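Subject: Structure handover

Hello,

Here is the structure for your set-up. Please look it over before reading my notes.

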Amino acid sequence: MTHFPRQIIIDTDPGQDDAVAILLALASPELEVLGITTVAGNVPLALTSLNARRVCELAKRSDVAVFAGCHQPLKRALVTAENVHGKTGLDGIELPEPIMPLQSMHAVDFMIETLRQAPEKTITLCSLGPMTNTAQALMQAPDIASRIERIVLMGGGFFEGGNITPSAEFNMYVDPEAAQIVFASGIPLTVIPLDVTHQALTSKQWLDDLRAMNNQVGTAVAAWTDFFERYDREKYGSEGAPLHDPCVIAYLIQPELFSGRWVNVEIETNSALTLGATVVDWWRVTDRKANAEFLRHINRDGFFQLLSHRLASYE
Ligand code: BDR
Ligand code: CA
């Protein structure tokens, strides 16, 4: 059952788009952020843990608890994405060193402890990076699965292909074994793949509106977007940058902005060529059980309106 406000844990590897997702969540009364757990992904763990706190302080929410998690994928060497996000992971604007502390508890222990204390199917996990922490928690404490209402994750791509290899999206590619554990867990999943996020492209008008908000958050989001837009423009020739991870939070607030299908999704972990690919049985040509709501379309205008509205609420 979904409570109001919906209780969420944000598992993340900030990253500019992760940062926007966190800002959206912290500005949304529909959501209660129980904690932010960090993972190695876009940049190494030390930086994602620093960045998560930078973002909380930007939001003037140093009360939010941030927990550092796994510093490398379950079975593989870490692959990072400084080419997209810059050396710090949050290139585009310089934010001060955070004052708020990192919690001493490991992110995986926080997940297990929090979920064990929660009634069945109450907590939503928002997964914005490689799924190492979640998979590790499920391996250590399989009983927590029943406490999770749903995992809403940014990852994968089917019709759109991949963004780090021709067939794999970054989050799935970095830790395919972790993704496989999550997709086999039986927990209801909502997958927000590149098929959706490549429609969530920023526009010049939206960036101008952000700047005109005249608040620190608007300025930072515009500067971040400017930074990684350069990369996307060169890569895809597209105007605007895809705001991948904020789609996860927007889905929780306004699911009607999105559409997709319940299908079977499996993760490739063996093939060198297609490692980390999300194999989606879109046409239901197998009898494999549906395990995920795989989204395909987004109402772009509605999404950006929601984002502007919530970001404007910061002082
Ligand atoms: C995903 O990878 C990261 O670079 C982004 O933060 C997003 O989570 C997109 O493939
Ligand atoms: Ca991310």
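Below are the calcium site and some salt bridges.

This is a predicted model, in which local features need pLDDT of at least 70, side-chain atom pairs count only at pLDDT 80 or more, and totals for chains, interfaces and linings use all residues. Residues are numbered from 1 along each chain as its sequence is written, chains are lettered from A and ligands numbered from 1 in the order written, and side-chain values use heavy atoms, without hydrogens and water.

Calcium site. The calcium ion (ligand 2) has protein donors from Asp-13 (OD), Asp-18 (OD, listed twice), Leu-128 (O) and Asp-245 (OD), at 2.2 to 2.5 Å. Donors are N, O and S atoms within 2.8 Å of the metal (3.2 Å for Na, K and Ca); water is not among the atoms, so sites may look incomplete. The donor spacing is D-x4-D-x109-L-x116-D. Asp-18 sits in helix H1 and Asp-245 in the loop between helices H10 and H11, so the pair ties together parts 227 residues apart in sequence. Helices (H or I, at least four residues) and strands (E, at least two) are DSSP runs, numbered from the N terminus. Asp-18 and Asp-245 are both buried (under 20% relative accessible area; exposed is over 50%, partly exposed in between; 1.4 Å probe, protein chains only).

Salt bridges. The count is ten, with a side-chain nitrogen of Lys or Arg within 4 Å of a carboxyl oxygen of Asp or Glu. One of them joins Glu-149 and Arg-6 at 2.9 Å, N to O. That pair links strand S5 to strand S1, 143 residues apart. Glu-149 is buried at 13%.

Best regards
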